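Q: I'd like to zoom in on one part of this model and go through its charged contacts. Could you walk me through it once it's on screen?

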Amino acid sequence: MAKNLLIDTCVWRELISPIEYNDHLRQLSSWIDQSEIILFCPEVLKDEWAKHRLESEKRIEKAMGNHVKDLKKSQLFGKLPDFDDFEMETADRLLKSQIAEVDRLLSLSIFVQEGDEEVLLARKHKREKKAPFLIKGDSQNDAVLIFSTLSELIRRQENELYFFSSNHNEFGDLDNPKSILHPDISGCYPGIKVQYFADLHQGIDHLKGIGLTKSKVQIATQKSIPAIIAINRKLSAADQLKEYLDKRFEDISFLPKKMIINHHPFLITNHEYITQQPFTATTDNIELLEWFKHLATKDGVYAGDIEDDTNNILRCLRGNLIAFVATEKQRFEPVQIPMPKQTDCDCSLCMYRAFRFKDLMDLLSARDNQQEPALKKAYVHYKMGQYRAAFDVLAKFSEEAISNKQYVSHFIAQFNIIQIGKLIKYEHDDTPEELSLIEQSEKIDLEKHFLLYANRANNDILLWIKDLQFVRDTRKKMQELIIKIRDLFYSQSSGWNNLTRELLNIFQETLCFLEYNHLIFDRFYEVRDLTKIFIEGVFASYGCKNTLGGKLIQFSDSLLEKIILNANTKDITEMYQRYKLEQLNYGEPDNEETIVQRFSAFLKDYDATIETYKDFDSEARSVFWSGYRRIFYNFVTFFGILDIGQSDFDVVFETLMSFLKTQQHLNESELTRTLRFFINHKAAKFRDNQLEDLLYFALSTDSIDTATVVDIIGHIMDDRNQKVIFPTSIWKKIQDKYLTNDYLKENYRSIDVICTLYSISSAKSKKAEISKFIKHFLQADFNDEVYYTTVMYDVIAFNKKWHAQYISSIAKRVGKGKGVTVFKRKEYYNDSRIDAFINYMIKFGLPIDSQWISHFKQLDAYYSWLLDMENFNYSLFDSEWLFNHLTIHYTDKFRKSTALKKFLKEFCKQSQDIHVLRLYIDLYD
C-alpha cells in the first residue's frame, strides 16, 4: 500500500544540492513514479516553494560561479577534466534540473486547500502557546501545513502519515524532538499515526527499511544521446532533422513522441533530466529552436512550397502530434511549429473517419484500387468487417515486405494476422476456409519474428508492438492522470495544471499509433477500456472548477470524432452522469466538416449504404452494422449533451427523423434508451412542432418502446402547457390501436400512452372519447392498474364501485407479505404497488385501515415513517426514502409534516447532500 508523505519546505530546499544531483531526490522521484508514495502539497507549501525555488536557483548559480574546485571533486561528471564552457553549462542545467524535478513532483501531489477549521485551530494553538508555537510566534504557516494535511487524511479515511521537516523546534516532542511529533499536534488527530523525521537521511532509510523499492544510485554524469539512427552531424540542424525524420519514418507512419525526440538533433547533450510537456518537443539544440522560430508563415501556415523539405518536416512533426518546440528553461513559452501546407486526402482511412461508408465500400470494391498501401487496405477491410479479405492482403504483403527489407511493416502484418485469426475464431462458422485461416494465424511466432528482424533502428518500435506496450504503458499513465483529475474534480481546486493536455496527448498517441500504422487491435477490450478511461478523464476535467487553469473548457469536432468512433455509448452516459455535468460547451469548428455536418451526411447516405453493402458483404458478417449502430448511438447521445445552436439542432432533428422513419438496423431497446436520453437532455431545444412530429412518429412505429418515448414527450409538453391538435390520420391510428379492448388487455403499459394523450390533447371531444373508452373497458373487465393510472391522471372520476374493487386487489397483495427480490437494489424494502396505493389514498383524502397500517409498518421502517411522520424516531431515517415515490401527493404530505421539516432543516446544515437540500427548498421555501 502506498505511503502518505508530507515534506516541509525546508526539506525541499535541502533536496536541491548545489554540487551534485541529490540521490534522495532521485529516490523520492522513483517512489512517487511507481505509486509507492502519495505526496501531499498543502496550499501554504505551494506558495512557499514559489519563493524558495528562486533562492535555490540563485544558490546553484553562486556555487557554479564560486566553487569550481568543489565541482571538480564531485561526481557530477564522473571524471576530472578541465572544464570548458560547454561542460559548465551542462553542469548548470543538470543541477537546475533538480528544481524542475521538485516542480514535477509537486504537480503530481495531492493538492490540499487550507480550510477555516485548520486556520482557527492554528490560531488557538498560538493563543495557548502550543506546538508549533512553543518557541516562535510566527509559525502560522507551519501549523496550517500540518493541520490541513492531517484533516485531508481524515477526509480520505487514511490513518498514517510520514512527515519530513527539519523544523524540530516547532514540530518535535520535547523529549525526542527529531523523531516524535509533539503531542500538542498529534493529540488533535488521534486517529492518524504520524511518523516524524527531522533528519531527511533517516526518513529515507526508514522508508527503504519497510520495503519500499531502492532505486539504483546513479552518478549524475553527462550522458550521450543514443544514436539509433545514423545522421551526418556536420550538416545544419534543419538538414540533420530532415535526414533523421526520413530515416526514422522510412517504414512507419506514426510514433509516440518519446520515440522521436530523445535523439539527435532534438537533444544533443544529456536527455535524462529533460521535462517533456504535452504536444511539445523539448530540445537543448538552440540552432534547431532558432530555425523553427524564423520559419516564414502566413496565418500560422508555412509560407513555402508544399513539396519542399521544410514542409515535409512540418507535416511529419504535426502529423505525430508535435505542435511546439521549446527549451527546458522556456518550456512554458514554447515556439509553435507552423502548420504545413496540405492537399485534400480522399483515402480509405479518411473516408472511414468521415463516416463515408458508402464511398469507402465503393473504393474497396474497385478492381483498380492499387494506389492504397497494402497495410492500409487490409486495415480498412478489417474495419468494415471483411476479415478474410484483410487476411489475404496481409498474407501476401508480409512476404513482399521482407523482400523489400520493410521489417517493421512485415512485423505489423504478422501481428495483424494473429489478431484477425483471434477475431475469426471468436465469430467463425467452422467452414474449412476459416478453420485454415485460424490455423495459419496460430502458427505465427511473433517472438521469433522479433529476433529475426529487430535491429538498432527498429528495436524499440517492435518491442512497443510485441509486448503491447502501446496499450499497457498508456493505460498505466492514463490511470495515474485520472486519479489526479478526479481528485481535482471532487476537491474543486483552483490553480493550474497540465493533466488534461497530458491525457489528450497520451490517448491520441495511442489511437494514432494504431490507426496510422494500421495495427488491428481496436476491437479488443484493452482499447475499449482505454477509451472509457479517457472519457472519464475529459468529463471529470470539464466538471472541474472554472478557476482551474488547464481544465477542458470545450469539446471540439476532432475530440468528438475520436470518442464517437471508439467509445461505447453506455460509457459516455455513465461518465456524464457520474460527474453530474450539464450541457457541454461546443468549440469552434476545427475540422473541414463540423460534427453536425458529418452526422447529417452519415445518415443521409443510409439508403445508399444498404444497397452498396448487399454486394460488398461477401463474408456475411454483422460487424459493420454493429459498428454502425454504435456510432449512431454515440452521435445521438452526444447531441443530447452538447450545447449546439438552434440551427444546428434543427439539422440534427430533421436528419434524425428522416432516418428513423426508414431505418432497419437499430435494436428497439437500445434505440429507445438513446432517444430517451437525447429527448430528456435536449427538452429546451425542441420547437413545439418538432415535439409533435416526434410524438406522431412514436405513435406510428414499432421500432421503439412507444410508452417510454411518449411519456417523456408528454412531460415536456405538460411543462410547457403545450396542447396538441391531432390530425385526423394520426387520431385514426390511435383509435385503431390504443383505444381497443383487445390491445389494452394484452398491453397494459399502453395505459400510460392513453393517459398522456388525454393530458396533451386540446380537443374536449378527444378527451371525452378516451374517458368513455376507459369506462367501458373497466365496466367489462376491471383491471386495478388501469383504474389506478386513469383515476390518478383524472382521465376518469373517482368511482365507489371501482374503488372497492381496487381495494380488494390491494388486500390480496397485502396478504402475501414481503415480495422476494433476487437482487437487492436498496437498503430498505418497499413495494411499488403499496406505494401507489398510499399515493391514491392521499390524493382522495381517504383513511387507511389501521390493520393495514400495522401490516405496512412491519414491512420496513420506511413505511413506519411514511405513515406516521410526526411520531417517527428520526435517528432511523434514511434520506433515500424521500425520493422513493416522489409524486405531487407525497410532496404535499411531506410539506404538511412539522417533524419532517424540523429534521430536514438540521440534516441540511450537517450534510452535503445537494439533492436533499434542493428538495427542502422546494418543499418549505
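Which side chain meets that of Arg-598 in a salt bridge?

A: Bear in mind that this is a predicted model. The partner is Glu-561: its side chain and that of Arg-598 meet in a salt bridge, with 2.6 Å from N to O. The two ends come from distant parts of the chain, as Arg-598 belongs to helix H28 (residues 595-604) and Glu-561 to helix H26 (residues 557-566), 37 residues apart. Now for the surroundings: Arg-598 has a relative accessibility of 12%, so it counts as buried, the limit being under 20%. Glu-561 comes out at 10%, so that residue is buried too. As for the general idea, side chains of opposite charge can pair when their charged atoms come close.

It helps to set this pair beside some others, given that the structure holds 45 salt bridges. Take Asp-346 and Arg-356, whose side chains meet at 2.8 Å, N to O. Asp-346 sits in the loop between strand E10 (335-336) and helix H15 (348-353), and Arg-356 in the loop between H15 and helix H16 (357-365), so this bridge ties together parts that are 10 residues apart in sequence. Here the ends are partly exposed: Asp-346 has 47% relative accessibility, and Arg-356 has 26%.

Another one to look at is Asp-794 with Lys-843, a salt bridge that also spans 2.8 Å from N to O. This pair links distant parts of the chain, 49 residues apart: Asp-794 is in the loop between helix H39 (784-792) and helix H40 (800-815), while Lys-843 is in helix H41 (residues 832-843). Asp-794 is partly exposed at 48% relative accessibility, and Lys-843 is partly exposed as well, at 22%.

Salt bridges also join up into something bigger than a pair: Arg-486, Lys-532, Glu-536, Lys-570, Asp-571, Glu-574 and Arg-578 are linked in a network of them.

While you're browsing, have a look at Thr-637 too, which is placed in helix H30 (residues 623-641). With a relative accessible area of 1%, Thr-637 is buried. Leaving aside residues up to four places away in sequence, Thr-637 touches Thr-569, Ile-572, Thr-573, Thr-674 and Phe-677.

So, back to your pair: Arg-598 and Glu-561 bridge helices H28 and H26, with Arg-598 buried and Glu-561 buried.

Technical notes: Residues numbered from 1 in each chain as written. Predicted model: local features only at pLDDT ≥ 70, side-chain atom pairs only at ≥ 80, totals over all residues. Heavy atoms only, no water. Helix = DSSP H or I, 4+ residues; strand = E, 2+ residues; numbered from the N terminus. Buried < 20%, exposed > 50% of the residue type's maximum accessible area, 1.4 Å probe, protein only. Contact = heavy atoms within 4.5 Å. Salt bridge = Lys/Arg side-chain N within 4 Å of Asp/Glu carboxyl O.
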